Amino acid sequence: MRYFLLTMLCLVIAACGSEDPIDVSRTLTHPFAGNGVEVTFQQVSGNTYSGTIRRDGKSMPLTATLDGTHLRGDFEANGLRFAFEAELQKDQLIFRSGDEVIYLADMAVNPFTTDTTPAPTNPLAGAGNSTSPTLSSPTNNNTPANAAGQPFGAGGNAPTTNPPNNNIATGPTTLSPPPSTPAPSNAKSIQVGVQYDGPCQLTAPSTGISFEIPANWAGQITPGITAMILAAQDGSPYLGIAWAQAPADEMDIRGAIGQTIDLGEGQSLVPRNLRVENGNISADISSGGQGISLTGRIRGIYNSQAAVAFLVVGPVGDDAKVNQIVDNFLKSVHFATPQPNTLAAEVGQYRNLLGGARLSISSSETFDGGFVQSGEHWDFCSNGQCQYTTSGNVGVSVDTPNYNAPGGYDNASALHESGDGGSQGRWSLNAVGSLAGDVFMVLIVDAQTGPQLEYIAPTDQGVWFSGRMWAADQSPVCQ
């Protein structure tokens, strides 16, 4: 996650210690945002880049040259050009111009995402006198944003096709949900953006869940997500994700951990044989597409108050070690009564605001003689129905010689519009406890794709949903 959870997954498993030029070039295709500034880059040729800086509603074109992980160039504002420097540091872009230094978080969902979303008038933010849930990822100067807002899956809007065969032959062990017990006295309350090095007892009071990070492991929740990344610190190629929620029923659990995890570049992690029954959660993980071959396991437990699950992945062939690691995480879990949810009183208000809203992301690219525009849309209707659609326009304008008027030209233009009916389903919004504290979660149930559980947070820049920032407006399709 940005550090990008899923890119980090690849880096850890591949035991890559630093970014090579190919990784830098790929990362620079991502959008960056922070402190009211958005920056996008496009590679022109070699180490030459063009792009755009957006601030206070103004769009300013830029050009730059890449040297290692450093960019040097200038941008145009009010007919004048100003110099800037930028440095890419894995998970963020440090932008310097004049006497100002701005830390920009990587906002990509995958290495090919180049969405550019304007700062809209957000109908879901600033309602009444209530306080909107905090989302620090776009403006946090110390910790990068995480664009995988959903706990495990990438929240894809199309069903997974041709999933790979399961690489794990052994079935899950049975671990009954423990009775409610207090968190260990030495347990630390989890704070977003703080790295916890094992051995360390952690607790998330809003879920009532506590667990241990073992020696030679570390865990951290980055802003904008509700799950914790767990990484081995001894050089071994294992990575994990911890997720917890209170309350959580079977549909919530399936929506949180049943989605395919998109690693980018055509590679994914596919949950297989997902079982949520008798207080136990289990699934096998195998990799799809071309690239690094991974194997893994999801194990979890739940009771009437909360649910917790861990995902651990490692190289193919290390099934026994992966099983041991995930079971050790799970055996350290304690359940206690969750603290009262601070957002519960605002659920009705935000349900009314989301009902009848359209969330949109659009991007555009111009080229000599034409343009390409694309968009994604989520419509949430007050009757509980929702739909996801895409749209696109391609325009071409060409000057042709007018043979009836020597030296003259005629203009020929064409516009092609396309769209995808997408998927339809039903939605519900609830305030729940998570490892990141109290948050709003939208459960979307689609007959084709199954359930998906998405973190949502209105902000001044738009609505953080499904791991990206969306513009919000009234839906044109809801009655």
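These are my notebook entries on three neighbouring strands and one loop residue, looked up in a predicted model.

**Entry 1: β1 and β2.** I began with strand β1, residues 32-34, and found that it pairs in the antiparallel sense with strand β2, residues 37-45, over 3 bridges. To fix the register I looked for a facing pair, and noted that Ala33 stands opposite Glu38 in β2. The connection between β1 and β2 is a hairpin with 2 residues between the strands, and Asn35 in that turn has a positive phi of about 55 degrees.

**Entry 2: β2 and β3.** I then followed β2 onward to strand β3, residues 48-55, which runs antiparallel to β2 and is joined to it by 8 bridges. For the register here I recorded Tyr49 in β3 as the bridge partner of Gln43. β2 and β3 also form a hairpin with 2 residues between them, and in this turn I noted Gly46, whose phi is positive at about 55 degrees.

**Entry 3: Thr207.** I next turned to Thr207, which I located in the loop between β11 (200-204) and β12 (209-213). Is Thr207 buried or exposed? Its relative accessible area is 0%, and because the cut-off for buried is under 20%, I entered Thr207 as buried. I also checked its polar contacts, and found that the Thr207 side chain reaches the backbone nitrogen of Ile209 at 3.0 Å. Setting aside neighbours within four places in sequence, I listed the residues in contact with Thr207 as Ala244, Gln245, Ala246, Ala306, Ala336, Pro338, Gly433, Ser434 and Leu435.

Technical notes: Residues are numbered from 1 along each chain as its sequence is written. This is a predicted model: local features need pLDDT of at least 70, side-chain atom pairs count only at pLDDT 80 or more; totals for chains, interfaces and linings use all residues. Side-chain values use heavy atoms; hydrogens and water are left out. Two strands pair if DSSP finds at least two bridges between them. Helices (H or I, at least four residues) and strands (E, at least two) are DSSP runs, numbered from the N terminus. Buried means under 20% relative accessible area, exposed over 50%, partly exposed in between (1.4 Å probe, protein chains only). A polar contact is a pair of N or O atoms within 3.5 Å; within protein, one must be able to donate a hydrogen and the other to accept it, and residues adjacent in sequence count only if both atoms are side-chain atoms. Contact means heavy atoms within 4.5 Å.
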